[in-house]
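I opened a new page to keep track of what I look up. The entries follow the order in which I checked things.

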Amino acid sequence: MSNQTAIPFTQMRGGSSKGIYFHLADLPQDKSTRDNLLKWVMGAYGDPRQIDGLGGADPLSSKIAIVAPSQRDDSDIDYSFVQALVGEDGLDDTPNCGNILSGIGAFAVETGLIKPFGDQASIRVYMTNSGNRCRLQFPLENGFPIYHGEARIDGVFGSSAPVMCHYQDLEGSACGSLFPTSKHCDEFDNVRVTCIDNGMPVVCLRGEDFGLNGDETPDQLNRDEILKSRLESIRLQAGLAMGLGDVSGKAVPKMSLISKPRSGGAVNTRTFIPKYCHKAIGVLGAVSVASAALYEDSAVHDLAALPDGMVKDMIIEHPSGKFDVQLCLENRDGALQIERAGLLRTTRLLARGEVFVPVSVWDGKQV
């Protein structure tokens, strides 16, 4: 008898991230046991290399999706996201991940949770982390997802079939309101910031307040210990002000340094997740940054080049390219209201099989 427990898994690229996808029924029901198991799966016990697990030693590739048939009438699939914290002994299930979300529909079809008909899938996903919903649309052939196509996203080689992500109910995903401090502009450590949550809790800061012009590479910023220390001090204060509590062990809020666009976009970004500069920007992080730029009294509005009209097609620049975000707006009683967000992503099935954990972690039996 093996002294390890085998657990079915699927590895998928979702957007510009990569994650391990599980059926909820294949994992322990007890959350404490499940969290311990997931740390073993990813090798997330403080080793930044994650050498003893499937984690990729980078926040972009150290992600987990847990999927189940939805218990709700307005959704088909329930999706729970977990971020394994690289170099730390911990997990964070506070935020959503829109990149990993873009693979949820294909995973559900590939594993038989949903059996769509025709040449187009339309799958309603409920994000349990935040209570938000998203409708995923992607092409099918003989009942299975098509992965080849002409859609391109920055951060991913080549082209793939499009996955259209139509988000609803994003406002206050983790904090309960779009501006969780009740202000469009706050000040921490004598630095003006905007704390916002339109799908992802983000603190938007002006790069120039830190002596930055927006051309810096993530490697340059990650070597700047003084900058990282200043950002973390602000993050801890902002986390409390946003109602997230002590965020020292959490991946949120994300910290996004904003500067004027360099390549024809709306804004230029350098985002820390949470303490290291990301090579790109997350899906929902991009939505929150775009949202912050709309409000005239935000800390970053004057840095943005915004299109006219109530449907805003905005390009969010990041170190490895750009991210296209569409925000649909309404004017309600003189106040700007963001009704929904649309984004283009792609996905691909990479691998599936069994991942092993010691029997001492879980013996495979449900309590």
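Entry 1: terms. I count a residue as buried when its relative accessible area is under 20%, as exposed when that area is over 50%, and as partly exposed in between. I also note that the model is predicted.

Entry 2: a pair in helix H5. With the cut-off written down, I looked up glutamate 232 and arginine 235, and both are buried. The two form a salt bridge, with their closest N and O atoms 2.8 Å apart. Both residues sit in helix H5, three residues apart, which is about one turn of the helix. As background, I noted that side chains of opposite charge can pair when their charged atoms come close.

Entry 3: another pair in helix H5. I found a salt bridge between the side chains of lysine 228 and glutamate 225, at 3.4 Å from N to O. Here too the partners are three residues apart in helix H5, about one turn of the helix. Are lysine 228 and glutamate 225 buried or exposed? Lysine 228 has a relative accessible area of 15%, so I put it down as buried. Glutamate 225 has 53% relative accessibility, so I put it down as exposed.

Entry 4: salt bridges elsewhere. I looked up the total, and the structure holds 19 salt bridges. One of them joins aspartate 169 to arginine 133, with the closest N and O atoms 2.7 Å apart. This pair links distant parts of the chain, its partners being 36 residues apart. Aspartate 169 is in the loop between strand S9 (163-168) and strand S10 (186-188), while arginine 133 is in strand S7. The relative accessibility of aspartate 169 is 35%, so I list it as partly exposed. I then followed the contacts further and found Arg72, Asp74, Arg133 and Asp169 linked in a network of salt bridges.

Entry 5: a buried charge. What does glutamate 216 lack, although it is buried? I found that glutamate 216 has no salt bridge. The nearest side chain of opposite charge belongs to arginine 270, 5.4 Å away. A salt bridge needs the side-chain nitrogen within 4 Å of the carboxyl oxygen, so this pair does not count as one. Glutamate 216 lies in the loop between strand S12 (201-206) and helix H4 (218-222). I checked what its side chain does reach. It comes to the backbone nitrogen of asparagine 213 at 3.0 Å, and to the backbone nitrogen of glycine 214 at 2.9 Å.

Entry 6: cis peptide bonds. I looked at the bond from valine 252 to proline 253, which is cis, with omega near 0 degrees. Proline 253 is in the loop between helix H5 (225-241) and strand S13 (254-259). I also looked at the bond from isoleucine 273 to proline 274, which is cis with omega near -20 degrees. Proline 274 is in the loop between strand S14 (267-272) and helix H6 (283-294).

Entry 7: positive phi. I noted asparagine 142, a residue other than glycine whose phi is positive, near 55 degrees. Its place is the loop between strand S7 (132-141) and strand S8 (144-145). Asparagine 142 has a relative accessible area of 73%, so it is exposed. I noted aspartate 333 as well, with phi near 55 degrees. Aspartate 333 is in the loop between strand S16 (321-332) and strand S17 (335-345). With a relative accessible area of 84%, aspartate 333 is exposed.

Entry 8: cavities. How many cavities of 30 Å³ or more does a search of the whole structure find? I recorded three. The largest has a volume of about 160 Å³. It is lined by 20 residues, and those closest to its centre are Lys63, Met200, Lys254, Ile273 and Gly282. Helix H6 gives the most to this lining, with three residues. By class, I recorded 10 nonpolar, eight polar and two charged residues in the lining of the largest cavity.

The second largest cavity has a volume of about 50 Å³. Its lining includes Ala106, Phe138, Tyr147 and Thr347. By class, that lining has nine nonpolar residues, one polar and no charged ones.

Note on methods
Residues numbered from 1 in each chain as written. Predicted model: local features only at pLDDT ≥ 70, side-chain atom pairs only at ≥ 80, totals over all residues. Heavy atoms only, no water. Helix = DSSP H or I, 4+ residues; strand = E, 2+ residues; numbered from the N terminus. Buried < 20%, exposed > 50% of the residue type's maximum accessible area, 1.4 Å probe, protein only. 1 Å grid on protein atoms, 1.4 Å probe; cavity = no way out; pocket = protein on both sides within 12 Å on 5 of 7 lines; lining within 4 Å. Points joined across faces, edges and corners; volume = space filled by probe spheres on them. Nonpolar A, V, L, I, M, F, W, Y, C, P; charged D, E, K, R; others polar. Lys, Arg positive; Asp, Glu negative; His and termini not counted. Polar contact = N/O pair within 3.5 Å; in protein donor to acceptor, adjacent residues only side chain to side chain.
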